[in-house]
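I opened the model to look up strand pairing, burial, aromatic contacts and the ligand shell. My entries follow in the order I worked.

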Amino acid sequence: MSEPAKLSAVEAIKTDSNFLRGDIAEQLANDQPNFSKDGIQLLKHHGTYEQDDRDRRKEAKASGAPGGRYYSYMVRSAIPGGKLTSKQLLEQLDLCDEIGNTTLRITTRQGLQLHGILKENLHQCIRRINESQLTTLAACGDVSRNVMCSPSPYRNRVYDEVQQLADELAKKLAPQTGAYHELWLTNNETGEKTLEGGGAPQDVEPLYGPTYLPRKFKLGVGLPGDNSADLYSQDIGMLAISENGQVVGYNVLVGGGFGNTPSNKKTSPMVGQPLCFVPPQAGVDVCKAVMKVQRDFGNRADRKVARMKYLIRDWGLDRFKQKVEEYYGEGLETPRPVPVDGHDDAMGWREQGDGRWFYGLNVENGRVKDEGDFKLKTALREICTTLAPPLRLTPHQGLIFCDLDEADKPKLELILKSHGVPLTDEISSARRWSMACPALPLCGLAITESERFLPTLMDQIDAMVAELGLGDEVFTTRMTGCPNGCARPYNSDIGLVGKAKGKYTLLLGGSPLGHRLNFIYKDMVPADDVVTTLKPVFEQFKAERTGGESFGDFCARLGKDTLLEKCDG
Ligand code: SF4
């Protein structure tokens, strides 16, 4: 019998941490600007990553900064389905101005990220986020992350039910450790716990156990006509099936996940596969059963292959399903033959279904900032204090203002326009459907630029497609600074993944529907050559597309070799 594989170092850190405490409290109290290696791993579960300004490393070294780095923290709020109030957004804007780097980021998972928080301000930051009734707990780490959901605030039963499931999943799958309360929600002066409805801290994790999950775990809920939550990219995607205006159940998709290590052949991006159909009342329990199977059988020795997608690949879907049935306690129905056929980005003005309106605003790469004449941050402050609408963050890094009356429409537009913020219908189709991860200068894993480069690239792509008369085409362009794929580049029409300094892997053939992986068209493409590489492909598309074929469908139909033959002459 072979020896069990040695557990990864992170497993030992979790095991020894007493439910995610470690010595974070002691480290918070010392005057170092950073945490220990073990502390950094545990802090992720509390919603924060240690970072440093990579643009200023030389300066930091020369100045004798401890560790030769200017350390700071990214603090991520988990916001199920992206639902928050104007007041909550205002608090995050205050935090970014008072103790952050003056910008706020809407993430690709409908959360919010503050950057540049110094260690000395970390406690204040997380406490204030909780006081606004948001949380950073489990926004990162080896737990169920922020639960995504189709965010459109349509007032109809199907959307209501789908969004309720996302809320319920977020609640039922949240870690229970009292460490979060103790560390962040204690008022330093009075020792009083400040979490609303917190109750007594408990040190039991009925779902996770003391070692949590082998790796991050992602869930999303959506509809066949609105796959904005990118269900095929999730560990579990809950695809609602409705009849006569109500949800009759969910197809449960399992095993999606995009992070990979190109040099490691055991790793690859994967899209989810349909596992079963469940009635609405069984949704949460089946998700729990799936998560428990990953908890107990996922790889805890090698974090590179620890996501649930690898367990399913190694076992096969049938064996995986049998184990889920065992944990769930009964057999599971076969999935219904319902394909995904739409992706609604919820942009522009829409009637909600109750006589009121919502407005979806494109926020380029999710970055909320004031820069020159573009004053989105100030505009949002004004909207949130005057109109004060409920808000939703979208999976494409946009922002939805909900519940607006007809009379509010010109007011909202005026505020945006007077602050130099382009309205959604003034933005090109290509830009509207693009997104990027933050990458440099703060992400420690970034190999290339992403958020700082994509706007320039989109200028070039806009000019190229306009010249070809293709300016109205809908195609997704997603860029990341490393193969981790935080902005989901592996199922987009055009994917750009940082591979080496200034060079990208160019992927083609995905779709806004998100149901298939794209393929590597060319590797190591210099940033300056991306558009010249793409242009012949768009020319072929224009000449040879059939009917209303989309760009991604065209590339997928022709495939890499044919495209290269036709375009690389
Ligand atoms: Fe950082 Fe890579 Fe994620 Fe971008 S994709 S944010 S570079 S880890």
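**Strand 12.** I began with the pairing of strand 12 and strand 17 (residues 399–404): four bridges join them, and they run antiparallel. Strands here are DSSP runs of type E with at least two residues, helices are runs of H or I with at least four, and both are numbered from the N terminus. Two strands pair if DSSP finds at least two bridges between them. I looked up Leu-361 and found Leu-399 in strand 17 as its bridge partner.

Before going on I noted the ground rules. This is a predicted model, in which local features need pLDDT of at least 70 and side-chain atom pairs count only at pLDDT 80 or more, while totals for chains, interfaces and linings use all residues. Residues are numbered from 1 along each chain as its sequence is written, and side-chain values use heavy atoms, with hydrogens and water left out.

I then turned to strand 11 (residues 348–351), which is joined to strand 12 by four bridges and runs antiparallel to it. Glu-351 stands opposite Trp-357. The two strands form a hairpin, with five residues between them. In that turn, Gly-353 has a positive phi of about 110°.

Next came burial (buried is under 20% relative accessible area, exposed over 50%, partly exposed in between; 1.4 Å probe, protein chains only). Strand 12 (residues 357–361) has five of its five residues buried. Trp-357, Tyr-359 and Leu-361 take one side, Phe-358 and Gly-360 the other.

**Strand 2.** I moved to residues 71–77. Seven of the seven residues in strand 2 are buried. Side chains in a regular strand alternate between the two faces of the sheet. Here Tyr-71, Tyr-73, Val-75 and Ser-77 point one way, and Ser-72, Met-74 and Arg-76 the other.

Which strands pair with strand 2? Strand 1 (residues 48–52) does so over five bridges, antiparallel. Tyr-49 is opposite Met-74 there. Strand 5 (residues 112–117) is also antiparallel to strand 2, over four bridges. In strand 5, Gln-113 faces Arg-76.

**Aromatic pairs.** I searched the whole structure and got 16 aromatic pairs. The rings are those of Phe, Tyr and Trp (its six-membered ring), with centres within 6.5 Å; planes under 30 degrees apart are stacked, over 60 edge-to-face, the rest tilted. I picked out Trp-349 and Tyr-359, a tilted pair at 4.7 Å centre to centre with 50° between the planes. Trp-349 lies in strand 11 and Tyr-359 in strand 12, ten residues apart. Are the two buried or exposed? Trp-349 is partly exposed at 21% relative accessible area, whereas Tyr-359 counts as buried at 2%.

I also checked Phe-538 and Phe-541, which are edge-to-face at 6.5 Å and 85°. Both sit in helix 16 (residues 530–544), three residues apart, about one turn. Both are buried. They belong to one aromatic cluster with Phe-475, Phe-551 and Phe-554.

**Charges over rings.** My criterion was NZ of Lys or CZ of Arg within 6 Å of the ring centre and within 35 degrees of the ring normal. Lys-409 sits over the ring of Trp-357, 3.4 Å from its centre. Lys-119 lies over the face of Phe-35 at 5.2 Å.

**Ligand.** Last, I listed residues with a heavy atom within 4 Å of the ligand. Among them are Cys-437, Cys-443, Cys-482, Cys-486, Leu-445 and Asn-484. The shell has eight nonpolar, four polar and no charged residues.

Key. Nonpolar A, V, L, I, M, F, W, Y, C, P; charged D, E, K, R; others polar.
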